[in-house]
Amino acid sequence: MTERIAQGLYRIPVPLPGNPLRELNSYLLTGGERKLLIDTGFRQEECRQALFAGLAELGVDPRDVDVVLTHLHSDHSGLAPEVAGDAGWIYASGPDRDYLEHMGSDQWARIDAFYRSEGFPPELLVQNRTRNPSRALIPAPTTRYRTLEPGALLEAGSRRLRCILVPGHTPGQMCFWEEREGILFTGDHVLFDISPNITPWAGMEDALGSYLESLRAVRDMPVRLSLPGHRGRGELAPRVDSLLEHHARRLDGLHAILRERPELTAYEAAGFMRWRIRASSWKDFPLAQKWFAVGECIAHLDHLRMLGRVIRFWEGGVWRYRAV
Ligand SMILES: [Zn+2]
């Protein structure tokens with residue numbers, strides 16, 4: 001069932017089976033000769049059916065649609081090549097386009113080596129390679145990508161979307177700003193019911209630091225309606241404040257964990273952090289969630305190191321962390 005948000009602006013809910021995010025919000029902007037679809041869902045059957053049924057319900061021929069990606073994650077990008085086909089375009093920021101065009105076994109091998117160096121058990125990484133849905137459901141290779149520069153304008157009928165680069169959740173996460181109506185498509189930069197997952201990225205020294213800066217950058221925009229990548233909507237400024245506080249608390253909590261138990265790896269430290277997941281222990285954490293949790297822990301450790309509150313040292317093939 002699609003939702004009409006405003007004249008020529010619709011939400012197509014795309015279910016994400018078995019994923020704690022539950023649903024992706026795909027937004028369709030009609031009104032122009034080319035329709036714009038913001039984000040698409042995983043490359044899997046449940047998502048495909050919901051997305052294409054939504055387009056059909058709105059009387060839109062996928063051949064008239066160009067895709068705009070808020071970021072590279074496969075719950076957003078997975079179906080983009082199928083929607084764009086051979087005639088449409090897939091717009092993405094430069095950094096995220098670069099990842100999308102080079103996703104492959106090399107990249108996963110590098111990421112696995114990185115997680116091993118943070119204490120992640122190698123045998124679990126092998127399992128993760130086959131079971132982590134974000135890996136299995138990446139978009140099919142295509143040559144239809146186009147780069148969105150920060151500040152560029154996308155046209156959809158009478159609407160103009162300004163591309164705002166907000167690195168953090170991914171290196172090239174973007175928000176799209178319709179100034180006349182005060183509508184901000186936030187992607188996964190700001191979510192209202194869950195806190196966006198922040199993990200380390202090659203080439204980003206301090207992903208969480210970038211994220212916090214990008215949060216402050218959008219806080220005071222004159223937004224009347226925020227349209228997030230997942231779940232419900234809310235007021236932007238108070239939500240930004242609560243996300244800033246959330247990470248400040250996480251940073252303090254992690255620092256305290258390391259003060260009590262020096263020389264932990266990131267994998268071990270993540271086991272002492274609090275997570276909103278139903279699992280009786282760290283050992284029983286679903287593997288994909290554990291992988292995201294360790295990533296989030298590393299991003300917080302990187303930021304603590306940047307702030308001079310934590311140091312790390314290399315020992316026995318892994319990084320160990322100590323509070324200062
Ligand atoms: Zn997402």
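## Glu3 and its partners

At 26% relative accessibility, Glu3 counts as partly exposed; the class runs between buried (under 20% relative accessible area) and exposed (over 50%), using a 1.4 Å probe and protein chains only. Bear in mind that this is a predicted model: local features need pLDDT of at least 70, side-chain atom pairs count only at pLDDT 80 or more, and totals for chains, interfaces and linings use all residues. Residues are numbered from 1 along each chain as its sequence is written, and side-chain values use heavy atoms, with hydrogens and water left out.

What does the side chain of Glu3 meet in a salt bridge? That would be Arg233, at 2.9 Å from N to O. Since Glu3 sits in strand β1 (residues 3-6) and Arg233 in the loop between β12 (225-228) and α9 (236-260), the pair ties together parts that are 230 residues apart in sequence. Helices (H or I, at least four residues) and strands (E, at least two) are DSSP runs, numbered from the N terminus. Arg233 is also partly exposed, with a relative accessibility of 35%. The pair doesn't stand alone, either: Glu3, Arg11, Glu23 and Arg233 are linked in a network of salt bridges.

## Other salt bridges

The count comes to 18 salt bridges, taking a side-chain nitrogen of Lys or Arg within 4 Å of a carboxyl oxygen of Asp or Glu. One of them joins the side chains of Glu181 and Arg159, 2.7 Å from N to O. Glu181 lies in the loop between β10 (174-178) and β11, while Arg159 belongs to strand β9 (residues 159-165), so this bridge ties together parts that are 22 residues apart in sequence. The two partners sit in unlike surroundings: Glu181 is partly exposed at 23% relative accessibility, whereas Arg159 is buried at 6%.

Then there are Arg261 and Glu260, whose side chains meet at 3.6 Å, N to O. Here Arg261 is partly exposed, with a relative accessible area of 29%, and Glu260 is exposed, at 60%.

## The zinc site

Which residues hold the zinc ion? Its protein donors are Asp75 (OD), His76 (NE2), Asp188 (OD) and His230 (NE2), lying 2.0 to 2.4 Å from the metal. Donors are N, O and S atoms within 2.8 Å of the metal (3.2 Å for Na, K and Ca); water is not among the atoms, so sites may look incomplete. Along the sequence, the donor residues are spaced D-H-x111-D-x41-H, and both Asp75 and His76 are buried.

Angles among the 4 donor atoms span 85 to 159°, and the site is irregular. Four donors would be tetrahedral with all angles between 85 and 135 degrees; four count as square planar and six as octahedral if opposite donors are over 155 degrees apart and all others between 65 and 115, and anything else is irregular.

## A buried acid without a bridge

Asp206 is found in the loop between β11 (183-187) and α8 (207-219). It is buried yet has no salt bridge: Arg305, the nearest side chain of opposite charge, is 8.4 Å away. (Lys and Arg count as positive, Asp and Glu as negative; His and the chain ends are not counted.) Leaving aside neighbours within four places in sequence, Asp206 is in contact (heavy atoms within 4.5 Å) with Ala299, Asp302, His303 and Met306.

## Cysteines

How many disulfides does the structure hold? The tally is 0, a disulfide being a pair of cysteine sulfur atoms within 2.5 Å. Cys175 is in no disulfide, and the nearest cysteine sulfur, that of Cys163, is 10 Å away. Cys175 is buried, with a relative accessible area of 0%, and Cys47 is buried at 0% as well.
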